[in-house]
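Student: I have a new structure in front of me, and I would like to understand how the terms used to describe it are earned. Could we go through it together, setting each value against its cut-off?

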Amino acid sequence: TPGDELPAPGDGSSSGRGFGCALEIIETLVLTLVIYLLIHNFVAQPFEVEQNSMVPTVNPGEYVLIDKISPRFSDYQRGDIVVFQPPDGFGQGGVPFIKRVIGIPGDRVSLENGVVFVTAPGGNPVRLDEPYVIRGADGAVAATLPRDPSGTDAWTVPAGSYFVMGDNRTASQDSRFFGPVERDLIVGRAWLRYFPLDRLGVISRPEYPGMPSQ
């Protein structure tokens with residue numbers, strides 16, 4: 001109609017489309033970040049192993065995926081490998097520890113002649129079969145010995161705590177030093193080794209013949 005004008009090239013319509021496109025990109029990035037944080041904090045978290053305390057099961061430089069969601073529905077069990085924040089006065093630079101759960105709440109853990117015994121509540125002492133423990137040059141399983149200055153060789157695991165040890169018993173700073181670890185310090189359960197690829201696989205929980213089901 002007379003007096004109507006067509007928008008000139010380069011006017012506000014193109015700038016509006018550009019702004020909308022930029023806004024969509026920002027929304028996508030924010031949503032991606034939120035999803036990542038939710039997964040990282042509540043579902044699963046990658047973890048690079050820096051210590052040698054779990055050799056030969058998990059070696060330094062390997063990467064594992066930490067399961068954070070299943071422990072919310074079922075407690076940690078004997079044999080689980082867990083990642084946790086070390087108690088005050090232990091560790092360096094805030095690097096988490098990775099160890100194996102040996103005793104659960106109510107258990108009595110004792111060391112006798114280099115061997116681990118666990119007594120479940122109301123049960124008898126059971127000598128743990130631990131094929132995962134590192135072996136010496138002679139092929140024999142390394143002895144599990146007291147590590148604190150007092151030579152403590154027996155512990156009762158209180159409610160809400162777990163007794164943990166590394167598979168490399170001769171080079172592990174674990175509950176033999178600082179006692180049972182509170183559950184609140186545990187980040188999650190290591191369940192998958194995903195790097196290096198030739199070591200890819202689920203980290204299984206061992207069976208302990210003679211111990212009651214959990």
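Tutor: What follows is a conversation about this model, which is predicted, and about the reasons behind the words used for its parts.

Student: What does the secondary structure of the chain come to, and in what order do the elements run?

Tutor: The chain has 2 helices and 12 strands, and from the N terminus on the elements run α-β-β-β-β-β-β-β-β-β-α-β-β-β. Of its 214 residues, 39% count as buried.

Student: Why is the ring pair of Phe 84 and Phe 97 called edge-to-face?

Tutor: Two values are needed, the distance between the ring centres and the angle between the planes. The centres of Phe 84 and Phe 97 are 5.8 Å apart, and rings pair if their centres lie within 6.5 Å. The planes stand at 80°, and angles over 60 degrees count as edge-to-face, so the pair of Phe 84 and Phe 97 is edge-to-face. A search of the whole structure finds 8 aromatic pairs.

Student: What makes this pair a tie between parts of the chain?

Tutor: Phe 84 belongs to strand E3 (residues 81-84) and Phe 97 to strand E4 (residues 97-103), so the pair ties together parts that are 13 residues apart in sequence. The strands themselves also pair, since E3 and E4 are joined in the antiparallel sense over 4 bridges, and Phe 97 is the bridge partner of Phe 84 in E4.

Student: How do you know whether Phe 84 and Phe 97 are buried or exposed?

Tutor: The cut-off for buried is under 20% relative accessible area. Phe 84 has 0% relative accessibility, so Phe 84 counts as buried, and Phe 97, with a relative accessible area of 5%, is buried as well.

Student: Which word describes the pair of Phe 97 and Phe 178, and what makes it fit?

Tutor: The pair of Phe 97 and Phe 178 is tilted, with 6.3 Å from centre to centre and 35° between the planes. Planes under 30 degrees apart count as stacked and those over 60 as edge-to-face, so an angle between these limits is left to the tilted class. Phe 97 in strand E4 and Phe 178 in helix H2 (residues 175-178) are 81 residues apart, and the pair links distant parts of the chain. Phe 178 has 15% relative accessibility and therefore counts as buried. Ring pairs link Phe 84, Phe 90, Phe 97 and Phe 178 into a cluster.

Student: What makes you say that a charge sits over the ring of Phe 97?

Tutor: The charged end of Lys 99 is 5.0 Å from the centre of that ring, where the distance has to be within 6 Å. In another such case, the charged end of Arg 100 sits over the ring of Tyr 132, 3.8 Å from its centre.

Student: How do you know that both faces of E3 are covered?

Tutor: Ile 81 and Val 83 on one side of E3, and Val 82 and Phe 84 on the other, are all buried. E3 also pairs with strand E11 (residues 186-195) in the antiparallel sense over 3 bridges, and there Val 82 stands opposite Arg 189.

Student: Why are E7 and E8 called edge strands?

Tutor: They belong to an open sheet of 4 strands with the order E7-E6-E5-E8 and antiparallel pairing. Strand E7 (126-127) and strand E8 (154-156) each pair on one side only. E7 is joined to strand E6 (residues 115-119) by 2 bridges, and two strands count as paired if there are at least two bridges between them.

Student: Where is Asn 113 found, and why is Asn 113 called buried or exposed?

Tutor: Asn 113 is found in the loop between strand E5 (108-112) and E6. Its relative accessible area is 83%, and exposed means over 50%, so Asn 113 is exposed. Phi of Asn 113 is near 55°, a positive value in a residue other than glycine.

Student: Which residues of the lining are the closest to the centre of the largest pocket?

Tutor: The largest pocket has a volume of about 170 Å³. Of the 14 residues that line this pocket, Val 115, Arg 127, Leu 128, Glu 130 and Val 141 are the closest to its centre. The lining divides into 7 nonpolar, 2 polar and 5 charged residues.

Note on methods. Residues numbered from 1 in each chain as written. Predicted model: local features only at pLDDT ≥ 70, side-chain atom pairs only at ≥ 80, totals over all residues. Heavy atoms only, no water. 1 Å grid on protein atoms, 1.4 Å probe; cavity = no way out; pocket = protein on both sides within 12 Å on 5 of 7 lines; lining within 4 Å. Points joined across faces, edges and corners; volume = space filled by probe spheres on them. Nonpolar A, V, L, I, M, F, W, Y, C, P; charged D, E, K, R; others polar. Phe/Tyr/Trp six-rings, centres within 6.5 Å; stacked < 30°, edge-to-face > 60°. Buried < 20%, exposed > 50% of the residue type's maximum accessible area, 1.4 Å probe, protein only. Lys NZ or Arg CZ within 6 Å of the ring centre and 35° of its normal.
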